[in-house]
Amino acid sequence: MKSFVDYLSQYAAYHRDRRNIATHFVGIPMIVAAVAILLSRPVFMHVDGVALSPALFVVALTALFYLRLDIRFGVAMTAFLLACLWLGQLVAPLSTQSWLAWGIGLFVVGWIFQFVGHYYEGRKPAFVDDLVGLIIGPLFVAAEFAFAMGLRKDVQHAIEARVGPTLIRQMKAA
């Protein structure tokens, strides 16, 4: 298995333009929330008020993956995933029309943000070359947030040593 810095560096190589990163701060949480909402049905059963659904299993497996990569980021990502799961459990009992509107709406708008960001970047999304990018994207956003807060400078420096600093790319003249 690749290391935490390996995964983030591979993903970061596709995300050096600050405008692209900014769109990911909006789009990726929307997509993760949408997936949690859409996977919150069907509910197989309730155990102590917790709905056992596909979303619960996906959140558990994803949280374990993040925790195995890095305990501190893993804890932060688990908290975020649990918040998305909670949102999914709030939306799942709504009418089918409302549940789908929330889930599909967040999913589509989130991806619009992603593709606008990659227009600025001038590069395709990371998942096009490696589907693991779909699971690393949320972790990348958490890491960029931590870096902006002055946290985990060691990780930031290791990534930047491999792929360079973030910048604002100039769009090519047509």
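Let's start at I136, which lies in helix α6. Keep in mind as you look around that this is a predicted model. Is I136 buried or exposed? It counts as buried, because its relative accessibility is 2% and the cut-off for that label is under 20%. If you want a sense of where I136 sits relative to another part of the chain, pick R18: the two are 118 residues apart in sequence, and their C-alpha atoms are 18 Å apart in space.

I136 is also a way into the next feature, since I136 is one of the residues that line the largest cavity. Rolling a probe the size of a water molecule over the atoms shows where empty space is left. Here the count comes to one cavity of 30 Å³ or more, and the largest cavity has a volume of about 80 Å³.

So who's around that space? Along with I136, the lining takes in K2, Y7, Q10, Y11, Y14, A126, D130, V132 and G133. Sorted by class, that lining has six nonpolar, two polar and two charged residues. Two helices, α1 (4-12) and α6 (133-148), each supply at least two residues of the lining. Which element gives the largest share? That would be α1, with three residues.

Now pick out K2, another member of the lining. K2 lies in the segment before α1. Unlike the buried I136, K2 is partly exposed, because its relative accessible area is 36% and that label covers values between 20% and 50%. K2 also has an interesting partner to click on: L69 is 67 residues away along the chain, yet the C-alpha atoms of K2 and L69 are separated by 8.6 Å.

Next, leave the cavity and turn to a pair of helices. Helix α2 runs over residues 18-38 and helix α5 over residues 96-121, and the two pack with their axes 7 Å apart. The angle between them is about 155°. That makes α2 roughly antiparallel to α5, because angles over 145 degrees get that label. As for handedness, α2 passes α5 in a left-handed crossing.

What sort of residues make up this contact? The contact of α2 with α5 divides into 19 nonpolar, nine polar and two charged residues. R18, the residue we paired with I136 earlier, has the number at which α2 begins, so that's a handy place to step from one part of the tour to the other.

Note on methods:
Residues numbered from 1 in each chain as written. Predicted model: local features only at pLDDT ≥ 70, side-chain atom pairs only at ≥ 80, totals over all residues. Heavy atoms only, no water. Axes fitted to C-alpha atoms, helices over the stretch in contact; angles between N-to-C directions. Helix = DSSP H or I, 4+ residues; strand = E, 2+ residues; numbered from the N terminus. Parallel < 35°, antiparallel > 145°, perpendicular 65-115°, else oblique. Left-handed = near helix turned anticlockwise from the far one by under 90°. Nonpolar A, V, L, I, M, F, W, Y, C, P; charged D, E, K, R; others polar. 1 Å grid on protein atoms, 1.4 Å probe; cavity = no way out; pocket = protein on both sides within 12 Å on 5 of 7 lines; lining within 4 Å. Points joined across faces, edges and corners; volume = space filled by probe spheres on them. Buried < 20%, exposed > 50% of the residue type's maximum accessible area, 1.4 Å probe, protein only.
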